[in-house]
Amino acid sequence: MRQAAAVASAVGGSGAGFGKGFGSGGATSVSGPGKLSTDAINAGLKKIEDKLRFCYEKGLLSNPNLSGSVKIEWTIQPSGTVNGAKIINSQINNPGVNSCLTGVINAAKFDSPQGGAVTVDKVFSFSSSAM
């Protein structure tokens with residue numbers, strides 16, 4: 001039986017997002033001197049959703065029951081580039097998946113925050129379902 005990965009986050013809403021079974025549900029907080037809307041952050045994440053899903057799917061190859069949530073924190077600089085992505089909390093317990101996720105986010109480009117950098121904390125939920 002083939003496995004389909006689903007990654008749920010707060011990106012978009014019903015019918016948009018990381019894959020089959022996607023829905024809103026991941027918490028997002030934004031802090032710092034700058035201002036950037038969660039809509040703008042979600043738009044940036046939508047551009048990298050396939051790469052984030054790929055990180056999880058690689059982990060499924062070694063553990064078909066892999067699932068859980070991962071809280072990631074990163075800083076978006078005034079230029080829109082990212083640095084310092086790190087895992088705050090992970091139920092995935094797979095260092096390869098966690099490292100891949102932070103690498104993808106560190107390489108991402110977001111809209112430029114107004115007035116300075118912003119720090120984002122976001123929860124991503126991962127689960128697989130048989131097709």
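A disulfide here is a pair of cysteine sulfur atoms within 2.5 Å. The structure holds one of these, and it makes a good way into the fold.

Some ground rules before going on. This is a predicted model, in which local features need pLDDT of at least 70 and side-chain atom pairs count only at pLDDT 80 or more, while totals for chains, interfaces and linings use all residues. Residues are numbered from 1 along each chain as its sequence is written, and side-chain values use heavy atoms, with hydrogens and water left out.

**The disulfide**

Cys 55 and Cys 100 are the partners, with their sulfur atoms 2.0 Å apart. The bridge between Cys 55 and Cys 100 is left-handed, at -70° about the S-S bond. It ties together distant parts of the chain: Cys 55 sits in helix α2 and Cys 100 in helix α3, 45 residues apart. (Helices are DSSP runs of H or I, at least four residues, and strands are E runs of at least two, numbered from the N terminus.)

Are these cysteines buried or exposed? Both count as buried, as does Thr 102, and the table gives the values. The cut-offs are under 20% relative accessible area for buried, over 50% for exposed and partly exposed in between, using a 1.4 Å probe and protein chains only.

| Residue | Relative accessible area |
|---|---|
| Cys 55 | 1% |
| Cys 100 | 16% |
| Thr 102 | 13% |

**Helix α2**

Cys 55 has buried company in α2: Glu 49, Leu 52, Arg 53, Tyr 56, Gly 59 and Leu 60. These buried residues lie on the same side of α2, because they cover an arc of only 150° around the axis, going by the directions from the helix axis to the C-beta atoms. Over on the other side, Lys 51, Leu 61 and Ser 62 are exposed.

**Helix α3 and the core**

The largest nonpolar core, meaning buried Ala, Val, Leu, Ile, Met, Phe, Trp, Tyr and Cys residues joined through side-chain atoms within 4.5 Å, has 28 residues. Among those with the most contacts inside it are Trp 74, Leu 101 and Phe 124. Elements giving two or more residues include α1 (38–47), β3 (68–76) and β5 (118–130), but α3 gives the largest share, five residues.

Which residues does Leu 101 touch? Leaving aside residues up to four places away in sequence, Leu 101 touches Leu 52, Cys 55, Val 70, Ile 72 and Phe 126, a contact being heavy atoms within 4.5 Å. Thr 102, found in α3 (residues 95–106), touches Ile 72, Ala 85, Lys 86 and Ile 87, with the same sequence neighbors left out.
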